[in-house]
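Colleague: I would like to go through this model with you, one point at a time. Please give the reasoning before each answer.

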Amino acid sequence: MRYSENKYHLLEKLSDKNGIIAALAIDQRGAMRSMIPNLEGEERDSIIRDFKKNVSEILTPYSSSILLDPIYGLDSIEARDSDAGLLMAYEVTGYRDDLRRPSLLEDWSVKGLKEKGAEAIKILLYYDVDDSRENNELKEIFIERVGSECLGEDIPFFLEIITYDKNIQDSKSKEFAVLKPHKVNKAIEEFVKPRYNVDVLKLEVPVNMKYVEGYGEDFVYTKEEAAMYFKEQSDLCSIPFIFLSAGVSTDLFLETLKFAHNAGSQFNGVLCGRATWAGGLPEFLKDRELGREWLLNTGVDNINTLNEVLKSTAVSWKKNIG
């Protein structure tokens with residue numbers, strides 16, 4: 001058995017009855033501040049806290065679990081559905097220079113997040129496999145440290161990897177799209193190693209779907225090549241893995257999941273963020289009740305549609321463990 005009895009039990013709490021992680025992510029902090037450019041300070045922060053609380057209350061009855069942060073999300077913990085599991089982010093959001101080294105929230109620990117009800121810990125890591133050994137070694141040691149802390153507290157560790165190239169500023173560019181399969185899949189090779197004690201990988205898809213033949217105006221991969229990269233990614237994952245939505249539209253994210261499935265990917269669910277709730281924030285800023293109405297209608301529809309697609313595309317994480 002790969003997991004302890006307690007970790008196995010907690011992963012079950014984060015999953016639906018079929019062993020699929022159909023989770024909602026709203027741990028964004030810097031991204032949410034940038035979505036409210038006309039406000040600042042406590043006025044802006046109170047809106048972010050209130051919006052997250054409403055997302056948690058309205059959408060978690062339809063999600064297996066929710067990912068929150070301790071900066072804006074503590075009020076949202078109690079607001080979630082009683083059957084929804086809880087993941088908590090542990091890293092400082094964003095990065096401060098071109099090295100993109102991670103850091104932890106200094107007034108929190110895995111133990112402290114667990115005491116708040118966390119059933120898993122999430123860390124986001126920016127990683128360029130082609131960066132200097134010195135920079136990557138420091139990042140790898142950081143992940144070893146968090147993995148050991150989670151192991152000591154007997155709580156699942158979710159590692160989210162965001163790839164980049166230190167010489168390319170725009171990760172949505174055609175130039176980076178060419179490199180993306182290499183960046184994503186080489187990072188997986190590193191962090192599935194047992195020394196990191198990662199329990200679930202939260203991954204980007206290995207291609208930019210807008211550059212897959214037939215999905216955009218230009219392409220760098222044929223459909224066959226893109227399918228090969230998805231299959232390669234899946235084969236490299238010797239531990240459970242889920243996809244992040246990376247801020248793409250709901251429709252494109254759903255099409256991506258279907259493409260992954262058809263390519264033979266054995267992914268185990270999603271941690272889906274802005275694709276499900278982002279449209280509700282502008283309404284919420286106009287009027288709180290308009291925002292709630294958007295979440296009750298469009299937001300719930302988005303989650304239900306996603307759940308239907310997951311039923312026919314994702315597989316139980318229990319099949320990915322020995």
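Colleague: Are Tyr 3 and Trp 317 buried or exposed?
Modeller: This is a predicted model, and the answer holds for that model. A residue counts as buried under 20% relative accessible area and as exposed over 50%. By that cut-off, both Tyr 3 and Trp 317 are buried.

Colleague: What is the geometry of the ring pair formed by Tyr 3 and Trp 317?
Modeller: The search of the whole structure finds 13 aromatic pairs. For Tyr 3 and Trp 317 the ring centres are 6.3 Å apart and the planes stand at 70°. Planes over 60 degrees apart count as edge-to-face, so Tyr 3 and Trp 317 are edge-to-face.

Colleague: How many residues apart in sequence are the parts that this pair ties together?
Modeller: Tyr 3 belongs to the segment before helix 1 (5–14), and Trp 317 to the segment after helix 12. The pair therefore ties together parts of the chain whose separation in sequence is 314 residues.

Colleague: Which elements does the pair of Tyr 127 and Phe 191 link?
Modeller: The ring centres of Tyr 127 and Phe 191 are 5.0 Å apart with planes at 80°, so this pair is edge-to-face. Tyr 127 is buried, as is Phe 191. The two residues are 64 apart in sequence, and the elements linked are strand 4 and helix 7.

Colleague: Where is the kink in helix 7?
Modeller: End to end, helix 7 (residues 174–191) agrees with expectation, because 18 residues at 1.5 Å each should span 26 Å and the end C-alpha atoms are 26 Å apart. Helix 7 nevertheless has a kink of about 45°, shortly before the proline Pro 181. The kink is at Lys 180.

Colleague: Which elements do the buried residues of helix 7 pack against?
Modeller: The buried residues of helix 7 include Phe 176, Lys 180, Pro 181, Glu 190 and Phe 191. Their packing partners are helix 6 (133–153), helix 8 (223–236), strand 4 (120–127), strand 5 (157–163) and strand 6 (200–203).

Colleague: Which helix gives the most residues to the largest nonpolar core?
Modeller: The largest nonpolar core has 80 residues, and Ile 143, Leu 159, Leu 201 and Phe 243 have the most contacts inside it. The greatest contribution to this core is 7 residues, and it comes from helix 12 (residues 288–313).

Colleague: Which residues is Ile 143 in contact with, leaving aside neighbours within four places in sequence?
Modeller: Ile 143 is among the residues with the most contacts inside the largest nonpolar core. Leaving aside those neighbours, its contacts are Ile 123, Leu 125, Phe 157, Leu 159, Phe 191, Tyr 196 and Val 198.

Colleague: What is the relative accessible area of Gly 85?
Modeller: Gly 85 is in strand 3 (residues 85–89). Not counting residues up to four places away, Gly 85 touches Lys 13, Leu 14, Ser 64, Ser 65, Ile 66, Arg 80 and Glu 119. Gly 85 is buried because buried means under 20%, and its relative accessible area is 2%.

Colleague: What is the phi of Asp 154?
Modeller: Most residues other than glycine have a negative phi. Asp 154, in the loop between helix 6 and strand 5, is not a glycine, yet its phi is positive, at about 55°.

Colleague: What is the relative accessible area of Asn 197?
Modeller: Asn 197 is in the loop between helix 7 and strand 6 and has a positive phi of about 55° although it is not a glycine. Asn 197 is partly exposed, with a relative accessible area of 22%.

Notes:
Residues numbered from 1 in each chain as written. Predicted model: local features only at pLDDT ≥ 70, side-chain atom pairs only at ≥ 80, totals over all residues. Heavy atoms only, no water. Core = buried A, V, L, I, M, F, W, Y, C linked by side-chain atoms within 4.5 Å. Buried < 20%, exposed > 50% of the residue type's maximum accessible area, 1.4 Å probe, protein only. Helix = DSSP H or I, 4+ residues; strand = E, 2+ residues; numbered from the N terminus. Contact = heavy atoms within 4.5 Å. Expected span 1.5 Å × (residues − 1). Bend = angle between axes of the 7 residues up to and from the residue. Phe/Tyr/Trp six-rings, centres within 6.5 Å; stacked < 30°, edge-to-face > 60°.
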